[in-house]
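Hi,

Here is the model I promised you, with the sequence alongside. Have a look at it first, and then read on for what turned up.

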Amino acid sequence: MTFFDAATHAGGLPRREGRAEQDPSGVQAASFGTRIDPMAAALAAVRAELADLRLRVPGVRGSAVGGVDGLLITHDLPATLEPHDLAALAATTFGLGRQTALVLSQSPFRDATLRSEGGYFTVYAVGERALLAVLGDDGINVARLHLEARPAVARMAAALP
């Protein structure tokens with residue numbers, strides 16, 4: 001039996017020394033001298049929140065996180081939707097909501113929900129510099145969306161630098 005056969009028989013390919021090990025959760029553990037990118041870890045946490053929100057709230061079609069400038073950070077959208085457009089629409093909605101709150105002397109923007117014939121579009125402030133945009137179908141329970149999304153937004157705000 002060769003070395004390759006023994007390694008394959010033991011359950012996998014031979015490992016190289018000095019490389020980052022990967023645990024079953026998909027997170028890479030750093031080997032000596034390896035740097036972990038903090039932004040990559042933050043984005044992974046945000047993506048996990050987006051996927052979890054879609055699973056916890058029936059009717060969520062997808063979501064995206066973008067900056068208040070309209071630039072996309074990450075998304076969990078089907079291929080039929082353009083994530084950059086969603087991030088830009090979220091920034092536009094945020095701008096209108098922020099100005100409305102200022103004119104009415106109300107607290108800072110927290111969230112806004114738009115309803116159309118085809119469903120809902122909700123934008124949440126994620127800290128001061130990011131936004132969560134959620135697309136929901138016409139049958140979504142908006143109260144349930146708010147109950148699930150607000151704690152997720154707080155966790156995303158804590159994860160993003």
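Helix α2 covers residues 38-56, which makes 19 residues. From its first C-alpha to its last, α2 reaches 27 Å, close to the 27 Å expected at 1.5 Å a residue. Bear in mind as you go through this that the model is a predicted one.

Which residues of α2 are buried? They are A42, L43, V46, E49, L50, L53 and R56. Those residues take up an arc of only 155° around the axis, so they sit on the same side of α2. That goes with the usual geometry: an α-helix has 3.6 residues a turn, so residues three or four places apart point the same way. As for partners, the buried residues of α2 pack against strands β3, β4 and β7, and also against α4 (142-159).

One residue of β3 is worth a click: G62. G62 has a relative accessible area of 0%, so it counts as buried. Its C-alpha lies 8.4 Å from that of A51, eleven residues away along the chain. Setting aside neighbours within four places in sequence, G62 is in contact with D76, L77, A133, V134 and L135.

Next, α3. Its 21 residues should span 30 Å at 1.5 Å a residue, and the end C-alpha atoms are indeed 30 Å apart, so the two agree. At the start of α3, a side-chain oxygen of E82 comes to within 3.3 Å of the backbone nitrogen of H84. The buried set in α3 consists of P83, L86, A87, A90, A91, T93, F94, G95, G97 and A101. What do the buried residues of α3 pack against? The list is β3 (60-67), β4 (72-76), β5, β6 (119-126) and β7 (130-137).

After α3 comes S105, in the loop between α3 and β5. Phi of S105 is near 55°, a positive value in a residue other than glycine. For context, most residues other than glycine have a negative phi. Is S105 buried or exposed? Its relative accessible area is 68%, and anything over 50% counts as exposed, so S105 is exposed.

I also went looking for aromatic pairs, and a search of the whole structure finds one. The ring centres of F94 and F109 are 5.2 Å apart and the planes meet at 85°, so this is an edge-to-face pair. The pair links distant parts of the chain, with F94 in helix α3 (residues 83-103) and F109 in the loop between α3 and β5 (111-116), 15 residues apart. Both partners fall under the 20% cut-off for buried: F94 is at 10% relative accessibility, and F109 has a relative accessible area of 13%.

Finally, the whole chain. There are four helices and seven strands, and along the sequence they follow the pattern α-β-β-α-β-β-α-β-β-β-α. Of the 161 residues, 35% are buried. Among contacts with a separation of 6 or more, 48% are between residues 24 or more positions apart. The chain exposes about 10300 Å², of which carbon and sulfur atoms supply 57%.

If you only open two views, I'd pick the F94 and F109 rings and the buried side of α2.

Cheers

Methods: Residues numbered from 1 in each chain as written. Predicted model: local features only at pLDDT ≥ 70, side-chain atom pairs only at ≥ 80, totals over all residues. Heavy atoms only, no water. Phe/Tyr/Trp six-rings, centres within 6.5 Å; stacked < 30°, edge-to-face > 60°. Helix = DSSP H or I, 4+ residues; strand = E, 2+ residues; numbered from the N terminus. Buried < 20%, exposed > 50% of the residue type's maximum accessible area, 1.4 Å probe, protein only. Expected span 1.5 Å × (residues − 1). Contact = heavy atoms within 4.5 Å. Polar contact = N/O pair within 3.5 Å; in protein donor to acceptor, adjacent residues only side chain to side chain. Arc of directions from axis to C-beta. Areas by Shrake-Rupley, 256 points an atom, 1.4 Å probe, with all protein chains shown as cover.
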